[in-house]
Amino acid sequence: MTLAPPPRLIVFDLYGTLLDLASVLASSAAALGGDGPSLLAEWRARQLAHTWLRTLMGRYAPFDQVTAESLDAVLSGRPYADEALRARLLDAFRAPAPYPEAAALLADLATTGIPCAILSNGTPDMIASALGAGGLHERFRWVLSVDAVRQYKPAPAAYRLVGERTGVAPGEALFVSANWWDAAGASAFGFPTAWVNRDGAAADPLGAPSAHAVTSLDGLRPLLGLPARSAS
């Protein structure tokens, strides 16, 4: 199914959507042993919880601070934790590897004339570091950080940034996220959404019934009238 009419803009979430957070563990694999996936899951859950709580409490702190504080919380009590490991993990979080299909999708989108934007919880510096390391920065006409409004997604003020900065109304854009709560928030704000459900999670009642669910970024190709990615 191809979206008709095609969107005037495609807005991508960054962390977990274009960038593979599991890659953050690679430089610390020896120190983490088999605990890496568990630590990452706890770190990410704590990080997101802190963003939501800070927004609700009106106590905004930038995402790099939230990320460090969340890591400190989950490293506490782990016998292998030390300052060197902490530093490596935080450094790696500044440049997670893109998912394998990300670069090809963005390159093919560039041929369509549909502009792309990022809307991320990351600070401008974090976003620039991650996109630069992954070679993706040139693919985005707009790179938007919630730092501008000091409220984290899924606060409406975060999604409002898109229309304010790009001039494209929510209903004319496609919002893409691998985070179900982000897709739900964007949908509630008025965006058509595509949820990149890589893990095959069950749909949540908060999600929009009209949201498109795909299993990878390649799943966006038929929606946008792009050819299948060649195997190479």
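# Notebook: pockets, helices and rings

**Entry 1. The largest pocket**

I began with the lining of the largest pocket, which by class has 13 nonpolar, three polar and four charged residues. I note here that the model is a predicted one. Next I looked up the volume of the largest pocket, and about 560 Å³ of space lies in it. Its lining is made of 20 residues. Gly-16, Tyr-99, Ala-178, Asn-179 and Asp-199 lie nearest the centre of the pocket. Then I asked which elements give two or more residues to this lining. They are α2, α8 and β7. Helix α2 gives the largest share, with five residues.

**Entry 2. A ring near the pocket centre**

I went back to Tyr-99, one of the residues nearest the centre of the largest pocket. The charged end of Arg-198 sits over the ring of Tyr-99. I noted the distance to the ring centre as 3.5 Å.

**Entry 3. The cavity**

How many cavities of 30 Å³ or more are there? I found a count of one. About 60 Å³ of space lies in the largest cavity. I listed its lining: Asp-13, Tyr-15, Arg-44, Leu-48, Phe-63, Ser-120, Asn-121, Lys-153, Asn-179 and Trp-181. These residues divide into four nonpolar, three polar and three charged. Asn-179 caught my eye, since this residue lines the largest cavity and also lies among those nearest the centre of the largest pocket.

**Entry 4. Helix α8**

Is helix α8 largely enclosed or largely open? I checked its residues, 180-189. Seven of the 10 are buried, so the helix is largely enclosed by the rest of the structure. I wrote down the buried ones: Trp-181, Asp-182, Ala-183, Ala-184, Gly-185, Ala-186 and Ser-187. One of them, Trp-181, also appears in the lining of the largest cavity. What do the buried residues of α8 pack against? I found two helices, α2 (36-57) and α7 (156-166), and two strands, β6 (173-177) and β7 (193-196). Just after α8 I came to Gly-190, which takes a positive phi of about 120°.

**Entry 5. Two buried residues in helices**

I turned to Ser-70 in helix α3, which covers residues 63-75. The relative accessible area of Ser-70 is 0%. The cut-off for buried is under 20%, so Ser-70 counts as buried. Leaving aside neighbours within four places in sequence, I found Ser-70 in contact with Trp-43, Arg-46, Gln-47 and His-50. I paused over the numbers 43, 46, 47 and 50 in that list. An α-helix has 3.6 residues a turn, so residues three or four places apart point the same way.

Thr-51 came next, in helix α2. Its relative accessibility is 0%, so Thr-51 is buried. Again I left aside neighbours within four places in sequence, and Thr-51 is in contact with Phe-63, Val-66 and Tyr-152. I also checked Thr-51 against Pro-62, 11 residues apart along the chain. Their C-alpha atoms are separated by 9.2 Å.

**Entry 6. A buried residue in a loop**

Where does Ser-28 lie? I found Ser-28 in the loop between β2 and α1 (29-32). Ser-28 is buried, with a relative accessible area of 1%. Beyond its neighbours within four places in sequence, Ser-28 is in contact with Leu-85, Arg-88 and Leu-89.

**Entry 7. Aromatic pairs**

I looked up the aromatic pairs, and the structure holds 13. I took Tyr-15 and Phe-63 as one example: their ring centres are 5.7 Å apart and their planes are at 40°, so the pair is tilted. Tyr-15 lies in the loop between β1 (9-12) and β2 (19-20), while Phe-63 lies in helix α3, so the pair ties together parts that are 48 residues apart in sequence. Both Tyr-15 and Phe-63 are buried.

My second example was Phe-175 with Phe-191. This pair is also tilted, at 5.5 Å centre to centre and 50° between the planes. Phe-175 is in strand β6 and Phe-191 in the loop between α8 and β7, so parts 16 residues apart in sequence are tied together. Phe-175 is buried, and Phe-191 is too.

Which residues form one aromatic cluster? I noted Tyr-15, Trp-43, Tyr-60, Phe-63, Phe-93 and Tyr-152. I had met some of these names before. Trp-43 is in contact with Ser-70. Phe-63 and Tyr-152 are in contact with Thr-51. Tyr-15 and Phe-63 help line the largest cavity.

Note on methods. Residues are numbered from 1 along each chain as its sequence is written. This is a predicted model: local features need pLDDT of at least 70, side-chain atom pairs count only at pLDDT 80 or more; totals for chains, interfaces and linings use all residues. Side-chain values use heavy atoms; hydrogens and water are left out. Buried means under 20% relative accessible area, exposed over 50%, partly exposed in between (1.4 Å probe, protein chains only). Helices (H or I, at least four residues) and strands (E, at least two) are DSSP runs, numbered from the N terminus. Contact means heavy atoms within 4.5 Å. On a 1 Å grid over the protein atoms alone, a cavity is a set of points where a 1.4 Å probe fits but cannot get out, and a pocket is an open set with protein on both sides within 12 Å along at least five of seven lines; lining residues have an atom within 4 Å of a point. Grid points are joined across faces, edges and corners, and a volume is the space filled by probe spheres set on the points. Ala, Val, Leu, Ile, Met, Phe, Trp, Tyr, Cys and Pro count as nonpolar, Asp, Glu, Lys and Arg as charged, and the others, Gly among them, as polar. Rings of Phe, Tyr and Trp (its six-membered ring) pair if their centres lie within 6.5 Å; planes under 30 degrees apart count as stacked, over 60 as edge-to-face and the rest as tilted. A charge sits over a ring if NZ of Lys or CZ of Arg is within 6 Å of the ring centre and within 35 degrees of the ring normal.
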